[in-house]
Amino acid sequence: IAIHSFFCPEFFAVWLDDKGKIIEIKKIKPWKLCIKPERKFVKLIEIPTNKKYKKITSKLVRSRR
């Protein structure tokens with residue numbers, strides 16, 4: 001399953017497997033047509049990159065390094 005980011009501001013996509021384990025994290029830019037992880041997933045969490053979620057997104061950025 002693929003997602004798109006038409007009409008969306010920048011956000012983080014966090015894909016999870018059936019056990020709740022993180023499969024992949026991507027920072028998604030606006031106006032992308034087809035976005036999907038490398039492996040199958042069960043759940044997707046979308047986290048906006050705004051001030052309200054800055055504490056969470058800064059941890060995601062550090063975990064991607």
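Among contacts in the protein between residues at least 6 apart in sequence, what percentage join residues at least 24 apart? In this predicted model, the share of such contacts that join residues at least 24 apart in sequence is 53%. The protein has one helix and three strands in its secondary structure, and when the chain is read along its sequence these elements follow the pattern β-β-β-α.

**Overall form**

- The radius of gyration of the protein is 12 Å, which is close to the 11 Å that the globule rule gives for 65 residues, so the protein is as compact as a globular protein of that length.
- If the C-alpha trace is followed along its principal axes, the protein spans about 30 × 25 × 20 Å.

**The nonpolar cores**

- The largest nonpolar core is made of eight residues, namely Ile3, Phe11, Ala13, Trp15, Ile23, Ile28, Ile35 and Phe41.
- Two elements, strand S1 (11–16) and strand S2 (22–28), are the ones that give two or more residues to this core, and S1 gives the most, with three residues.
- A second core, separate from the one just described, has six residues, among them Phe12, Val14, Ile47 and Leu60.
- Ala13, which is one of the residues of the largest core, is in contact with Glu24, Ile25, Lys26, Ile28, Leu44 and Ile45 when its neighbours within four places in sequence are left aside.

**Burial and surface**

- Of the 65 residues of the protein, 29% count as buried.
- The protein exposes about 5200 Å², and carbon and sulfur atoms supply 56% of that area.

**Charged side chains**

- The protein carries 18 positive and 6 negative side chains, and the centres of these two sets lie 8 Å apart.

**A closer look at Pro9**

- Pro9 is found in the segment before S1, the strand that gives three residues to the largest nonpolar core.
- Is Pro9 buried or exposed? The relative accessible area of Pro9 is 60%, and because a residue counts as exposed when this value is over 50%, Pro9 is exposed.
- Pro9 and Ile56 are 47 residues apart along the chain, and their C-alpha atoms are separated by 17 Å.

Notes
Residues numbered from 1 in each chain as written. Predicted model: local features only at pLDDT ≥ 70, side-chain atom pairs only at ≥ 80, totals over all residues. Heavy atoms only, no water. Core = buried A, V, L, I, M, F, W, Y, C linked by side-chain atoms within 4.5 Å. Buried < 20%, exposed > 50% of the residue type's maximum accessible area, 1.4 Å probe, protein only. Helix = DSSP H or I, 4+ residues; strand = E, 2+ residues; numbered from the N terminus. Contact = heavy atoms within 4.5 Å. Rg over C-alpha atoms; globule rule 2.2 N^0.38 Å. Areas by Shrake-Rupley, 256 points an atom, 1.4 Å probe, with all protein chains shown as cover. Lys, Arg positive; Asp, Glu negative; His and termini not counted. Charge placed at Lys NZ, Arg CZ, Asp CG, Glu CD.
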